[in-house]
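Biologist: I should like to learn how to read a protein model. Please take me through it feature by feature.

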Amino acid sequence: MAEKDIKKYMENKDLKAGFDNIIKGNQEWMDFVKNDTTGRFQQLAKGQNPEILWIGCADSRVPANELTGTKPGEVFVHRNIANMVIHSDMSLLSVLDYAVNVLKVKQVIVAGHYGCGGVAASLSRNQYGIIDNWLGHIKDVYRLHSDEIDGIEDAEKKTDRLVELNVKEQVFNLCSTSIIQNAWKNGQPLAVHGMVINIGTGQLIDQNCTFTSNESLGKVFAYK
């Protein structure tokens with residue numbers, strides 16, 4: 001950091017206070033780890049063995065570990081705007097490949113949440129910037145279910161219904177990947193689930209769209 005930037009940073013009390021809180025929080029975490037007597041952190045330092053891959057929204061209110069009651073090392077996580085599974089997203093595909101083929105996770109969860117800003121924005125005709133190109137994939141989900149969505153008058157309920165439908169579509173997209181299907185083909189035990197989070201209650205609501213094979217995908221999507 002340049003000397004001029006350091007001076008500006010030190011003079012900005014809000015910025016400095018915010019970063020100081022991060023350092024303070026880390027110190028408290030370090031103290032917790034140091035005083036832990038279970039040995040789990042020493043074990044985690046040697047590697048990870050999670051059974052769950054969580055594909056969730058980047059929203060700060062939906063942390064995977066807290067929602068599932070799991071500890072560090074138990075959930076492998078990928079997050080983006082509106083928990084999308086896009087076939088050309090190399091970031092997601094890299095995470096998926098590592099989780100399935102190296103870590104050998106057994107459960108994959110696509111988790112959306114009610115009140116999702118990305119889903120709400122996709123129902124608008126407004127432009128928001130570069131994110132519009134990402135939201136276009138959610139608009140595609142709307143296009144598939146436009147009759148149902150347009151029949152809902154309440155804006156909040158309209159958004160929440162699209163949240164549910166989007167989760168189901170992303171589960172299907174996930175199961176359409178060669179990564180997931182090859183795992184099934186090789187006899188790997190692997191279940192893909194779709195869930196929606198109610199932030200107000202903390203509930204994970206199963207959308208009843210679980211796949212454990214490619215048999216229900218249809219002949220165009222199911223690889224031989």
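Modeller: The discussion below goes from the whole chain to its charged residues. The model is predicted, so local features need pLDDT of at least 70 and side-chain atom pairs count only at pLDDT 80 or more, while totals for chains, interfaces and linings use all residues. Residues are numbered from 1 along each chain as its sequence is written, and side-chain values use heavy atoms, with hydrogens and water left out.

Biologist: How many helices and strands does the chain have?

Modeller: Helices (H or I, at least four residues) and strands (E, at least two) are DSSP runs, numbered from the N terminus. Here the chain has ten helices and five strands. Its C-alpha atoms fill a box of roughly 60 × 45 × 35 Å, taken along the principal axes.

Biologist: What percentage of the residues count as buried?

Modeller: Buried means under 20% relative accessible area, exposed means over 50%, and partly exposed lies in between, with a 1.4 Å probe and protein chains only. In this chain of 224 residues, 38% count as buried. The accessible surface, computed by the Shrake-Rupley method with a 1.4 Å probe, comes to about 13,500 Å². Carbon and sulfur atoms hold 52% of that surface.

Biologist: What share of the contacts joins residues 24 or more positions apart?

Modeller: Contact means heavy atoms within 4.5 Å. Among contacts with a separation of 6 or more, 62% come from residues 24 or more positions apart.

Biologist: How many positive and negative side chains are there?

Modeller: Lys and Arg count as positive and Asp and Glu as negative; His and the chain ends are not counted. The chain has 24 positive and 27 negative side chains. The place of a charge is taken as NZ of Lys, CZ of Arg, CG of Asp or CD of Glu, and the centres of the two sets lie 4 Å apart.

Biologist: How many salt bridges does the count give?

Modeller: Side chains of opposite charge can pair when their charged atoms come close. A salt bridge is a side-chain nitrogen of Lys or Arg within 4 Å of a carboxyl oxygen of Asp or Glu. The count comes to six salt bridges. One of them joins Arg 143 and Asp 140, with the closest N and O atoms 4.0 Å apart. Both residues lie in helix H7 (residues 131-144), three residues apart, about one turn of the helix. Arg 143 counts as exposed at 55% relative accessibility, whereas Asp 140 is partly exposed at 35%.

Biologist: Which parts of the chain does the pair of Arg 161 and Glu 148 link?

Modeller: Arg 161 forms a salt bridge with Glu 148, and their closest N and O atoms are 2.5 Å apart. This pair links distant parts of the chain, with Arg 161 in helix H9 and Glu 148 in helix H8 (residues 146-150), 13 residues apart. Salt bridges that share partners join Glu 148, Arg 161 and Glu 164 into one network.

Biologist: Is Asp 59, which pairs with Arg 61, buried or exposed?

Modeller: Asp 59 is buried, with a relative accessible area of 18%, and Arg 61 is partly exposed, at 45%. Their closest N and O atoms are 2.8 Å apart. Arg 61 is also 10.0 Å from Gly 202, C-alpha to C-alpha, although the two are 141 residues apart in sequence. Gly 202 is found in the loop between strand S4 (191-198) and strand S5 (203-206).

Biologist: Which side chain of opposite charge is nearest to Asp 160?

Modeller: That side chain is Lys 157, 9.1 Å away; Asp 160 is buried yet has no salt bridge. Asp 160 is found in helix H9 (residues 155-175). Leaving aside neighbours within four places in sequence, Asp 160 is in contact with Tyr 114 and Gly 115.
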